[in-house]
Amino acid sequence: MVDLKQYIVDLSKKVNIDLIGFTDCQPFYELKDYLIQRKEECKETEFEEKDIDKRINPRLIFPECKTIIALGISYNITLDEEPDYKLRGALSKSSWGVDYHTVLKDRMIRLIKELEKAMDFKYMYFVDTGPLIDREIARRCGLGYYGKNCSIINDEYGSFIFLGYILTNLEVEEYSSPVEEKCGDCDLCLRACPTKALESPYRVNPKICLSYLTQTKDMIPHELREKMGTRIYGCDTCQMVCPKNKGVEKSNHSEFIPEITKGYMNIEELLTISNKEFKKKYGTMAGSWRGKNVLKRNGIIALGNMKNKESLILLKPLLKDQNPMIRDYTEWAINKINK
């Protein structure tokens, strides 16, 4: 008799998925009080499911659910090359290369198709777009443990891993075991966080996290704009200082090599490029989902933080931009440079 769990694991390696684990579909009731507290403290973001029950109960999403399969791929790419332009805005590794939603979804679909050759089953799959808490699923499936920065940390790959999951009516004989946390006394991530969004171990206020701020369309307070530095999309600070990311296995997924950007955006280009040109050149990168104007806004903030008077020639025309958001941030950047 074929061991279904091992069969799926073998198929995952065949389609180049780094991490895989299995858990049941029992609700995550132990998280409910914390999620309610976050809601009461207005720490929810516009990117998450508002119905808390849907965040913790897999069967509200997929009633036939018997097993959840968690999947992960590493995006820990190292690049020595640098772009030749001067006005650079940083992209987090999560937005290097091809959009991870596309890459991981493709791997998951290939896994599902391979499995369908052997059996009929029902399923739903998600990559960062489902209502359930993907990091909790990953923890339960043994992919890693929560770091104090709230990232999932894997012993072999560290925390630079993209997560996805499949809800299915398949049953496996044995589920994975969660991994105990291994941060110990280390608090480097908490001390390094530029905005102190990591309020305490395992607790983050996403509303002041720089990664969130580079994506939100909400008005960013002046003091937080200054903390953004030259970031255009995302923030890797807490992961870069984490000792668990030292000496780990590097990603073998060439899709995440930032061949176009080299890990940076050309801010001068970002301020002048048309929507059509932006989509053509950058449409396949993860950060492009938020649209050109949000990244353009971040480029304006970056110029304000650089405080280089030569940038005024780029900024002044934007005072007449048709988008009021762009005009507002441009005025702030110009005033900051002229101080």
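Cys42 counts as exposed, because its relative accessibility is 57%; exposed means over 50% relative accessible area, buried under 20%, and partly exposed in between, with a 1.4 Å probe and protein chains only. Cys42 is placed in the loop between helix H2 (32-40) and helix H3 (52-56). Helices (H or I, at least four residues) and strands (E, at least two) are DSSP runs, numbered from the N terminus. The phi angle of Cys42 is near 60°, a positive value in a residue other than glycine.

This is a predicted model, in which local features need pLDDT of at least 70 and side-chain atom pairs count only at pLDDT 80 or more, while totals for chains, interfaces and linings use all residues. Residues are numbered from 1 along each chain as its sequence is written, and side-chain values use heavy atoms, with hydrogens and water left out.

Asn16 also has a positive phi, near 70°, and is not a glycine. Asn16 lies in the loop between helix H1 (4-14) and strand E1 (19-23). Asn16 is partly exposed because its relative accessible area is 27%.

Three residues in helices are set out below.

| Residue | Helix | Relative accessible area |
|---|---|---|
| Ile8 | H1 | 1%, buried |
| Arg55 | H3 | 13%, buried |
| Arg107 | H5 (residues 100-116) | 4%, buried |

Arg107 counts as buried because its relative accessibility is 4%. What does the side chain of Arg107 make a polar contact with? The partner is the side chain of His253, at 2.9 Å. A polar contact is a pair of N or O atoms within 3.5 Å; within protein, one must be able to donate a hydrogen and the other to accept it, and residues adjacent in sequence count only if both atoms are side-chain atoms. Leaving out residues up to four places away in sequence, Arg107 touches Val15, Asn16, Ile17, Ile73, His253 and Glu255, where contact means heavy atoms within 4.5 Å. With the same sequence neighbours left out, Arg55 touches residues including Phe28, Glu48, Glu49 and Ile133.

The next topic is the nonpolar cores. A nonpolar core is a set of buried Ala, Val, Leu, Ile, Met, Phe, Trp, Tyr and Cys residues joined through side-chain atoms within 4.5 Å. The largest has 65 residues, and those with the most contacts inside it include Ile8, Leu111 and Phe256. A second, separate core of 25 residues includes Phe62, Ile133, Leu163 and Leu167. In soluble globular proteins, nonpolar side chains tend to be buried together.

Ile8 touches Ile20, Phe22, Ile69, Leu111, Leu115 and Leu170, not counting residues up to four places away in sequence. The C-alpha atoms of Ile8 and Ile69 are separated by 9.4 Å, and the two residues are 61 residues apart along the chain. Among the residues that Phe256 touches are Ile73, Trp96, Val98 and Phe162.

The second largest pocket holds about 380 Å³ of space. Its lining has 21 residues, of which Ala90, Leu91, Trp96, Asp236 and Tyr264 lie nearest its centre. On a 1 Å grid over the protein atoms alone, where a 1.4 Å probe fits, a pocket is an open set of points with protein on both sides within 12 Å along at least five of seven lines, and lining residues have an atom within 4 Å of a point. Grid points are joined across faces, edges and corners, and a volume is the space filled by probe spheres set on the points. Strand E3 (88-91), strand E10 (231-233) and helix H10 (237-240) each supply at least two residues of this lining.
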